[in-house]
Amino acid sequence: MNNTIIINILRFVLLVLAQVLIFNNLNFLGFINPMVYVIFFYWYPIKANKALFMLIAFLLGLTIDIFSDTLALNALASVSIAYIRPAIMRFCFGVNFDFQNFSFKNTTKLQRITFMALVVLIHHLIFYTFEILSIAHILLILKKVFATGIVTLILCILFSSLFSPKTE
Amino acid sequence: MQRIINFVLRYRNAFLYAFFAFISLVMTIRSHSYHQSKFFNSSKWVTGSIYGTGSDVSSYFNLQEENHRLVEENQQLRKLLFNTPDDTITNSLDSTLVVYEVLSAKLIKNSFNSPRNYVTINKGKNDGVHQDMGVITTDGILGIVENVSNNFSTVQSVLNTKSNINAKIKGTEYFGSLIWDTKDYTVAQLIDIPRLVPLVVGDTIVTGGMSSIFPENVPVGVIKKYDLNASQSFYNIDVELFSDMANIKNVYLLENKDKQEIKELEAITIE
């Protein structure tokens, strides 16, 4: 248990640093800055206290917001993901999710990627909608969501296979 | 009462979510129209130092290019110096006659993709920076200082939907407002130029003398394309910016020494 806390604190700090120092400066194709820190919501323990999870998600988002001067956009998207994560999981992993001994080990790769894709999609949709906040710019929003979303997803899949968590 | 408490306890996560979402929504919507938050911005000590360390490392990668740019600028300034009559130079060194004080700073965080871009620089209160100083690059304008901490400051870039800078067409006195429509980081928009003004694609746009933030005639960009707005009486002009917003390292901060006096006078006049 203690180990999990330390690992999650480390993850928090390293993901924030990676996000603000590396990924926010990528500007791939001029506008794509993948938000890789969403992988935190994939790695975070499944059977954890939900209220604490939301608090941590809020803090994670807010920290990145302060760094990138986009006040509370990341926080809003992150806390929403934290809130609806069980629903997305139930959708992706079916009834298995409700069993006590559920873990990522007994899911297929496709299920995990679907789960990650949904998390990224919802996160980016909330982020860019509120960043621009105008119906007139809907095409711009969708363009940003899909372009950035795909890059984020690819990076997240790479990260998840590179550093596969052992404490599930 | 028991039932209400049970109800709240049962949906406590939903309430918690609503609470967090409400806080972030208020902050987000505030950031669309009001000034940047005083407490949560990247000029603060922790964020500033982390960006400073990051920029110390990454600045080595484009040292050569940056040197080249500085030498080119020096060359231009030398040319100006040698072609100016002697007495103007000695006059301009007289500190009582200097209107604009110039400081230099280094960019430690750049941003040009979001609709509201702020950049962070490595000079703060201790170096004499304060709010509303104009910031320019070697080539053109960059923005206006918004928040200042002891050692760092955040600058509201021209590429910010809240930015509104007085600009005019070079050589004339027709002025308008320079804004940004978020579409392209190389192009800003100049509005409120009356229809009767003769325009040509390629005309230079410079800052106007109406604000005390920038001196008159700081280069902004050139006209890329123009058309009339909905009311058919003013032009909407696309201005291609001189500063390459994606690649800035060294910037200059301008301080108008007469600003206090101008502001006081204006305040009295309005009353």
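This short talk covers the contact between chains A and B, then the domains and one strand of chain B. One caution up front: the model is predicted.

Let's start with the interface. How many residues does each chain bring to the contact? Chain B puts in 26 residues and chain A puts in 25. On the chain B side, helices α2 and α3, the latter spanning 45–58, each supply at least two residues. Which element of chain B gives the most? That is α2(B), with 12 residues. Now the chemistry of that side. By class, chain B presents 10 nonpolar, 15 polar and 1 charged residues to chain A.

Next, one helix pair across the contact. Take helix α3 of chain A, residues 50–68, and helix α2 of chain B, residues 12–33. Their axes are 10 Å apart, and the packing angle is about 10 degrees. Angles under 35 degrees count as roughly parallel, so α3(A) is roughly parallel to α2(B). Who meets whom? From α3(A), the residues are Lys50(A), Ala51(A), Met54(A) and Phe58(A). They meet Arg12(B), Asn13(B), Leu16(B), Tyr17(B) and Phe20(B) of α2(B). By class, this helix contact has 6 nonpolar, 1 polar and 2 charged residues.

On to chain B by itself. Its domain assignment gives three pieces: domain 1 at 2–56, domain 2 at 62–98 and domain 3 at 100–271. Look at domains 2 and 3 of chain B. Their C-alpha centres lie 22 Å apart. In the contact, 5 residues of domain 2 touch 6 residues of domain 3. The domain 2 side has 1 nonpolar, 1 polar and 3 charged residues.

Last stop: strand β2 of chain B, residues 116–121. Is β2(B) mostly covered or mostly open? Mostly covered, with 6 of its 6 residues buried. That holds on both faces. One side carries Arg116(B), Tyr118(B) and Thr120(B), and the other carries Asn117(B), Val119(B) and Ile121(B).

What does β2(B) pair with? One partner is β1(B), residues 100–109, in the antiparallel sense over 2 bridges. Within that pairing, Lys109(B) has Thr120(B) as its bridge partner. The two strands form a hairpin, with 6 residues between them. Another partner is β5(B), residues 153–160, also antiparallel, over 5 bridges. There, Val119(B) stands opposite Val155(B). Both of these β2(B) residues, Thr120(B) and Val119(B), are on the buried list.

Key:
Residues are numbered from 1 along each chain as its sequence is written. Chains are lettered from A and ligands numbered from 1 in the order in which they are written. This is a predicted model: local features need pLDDT of at least 70, side-chain atom pairs count only at pLDDT 80 or more; totals for chains, interfaces and linings use all residues. Domain bounds come from an automatic or database domain assignment. Two residues are in contact if their C-beta atoms, placed from the backbone, lie within 7 Å. Ala, Val, Leu, Ile, Met, Phe, Trp, Tyr, Cys and Pro count as nonpolar, Asp, Glu, Lys and Arg as charged, and the others, Gly among them, as polar. Axes are lines fitted to C-alpha atoms, for helices over the stretch in contact, and angles run from 0 to 180 degrees between N-to-C directions. Helices (H or I, at least four residues) and strands (E, at least two) are DSSP runs, numbered from the N terminus. Angles under 35 degrees count as roughly parallel, over 145 as roughly antiparallel, 65 to 115 as roughly perpendicular and the rest as oblique. A residue is buried if 20 or more other C-beta atoms lie within 10 Å of its own, exposed if 12 or fewer, and partly exposed in between; C-beta atoms are placed from the backbone. Two strands pair if DSSP finds at least two bridges between them.
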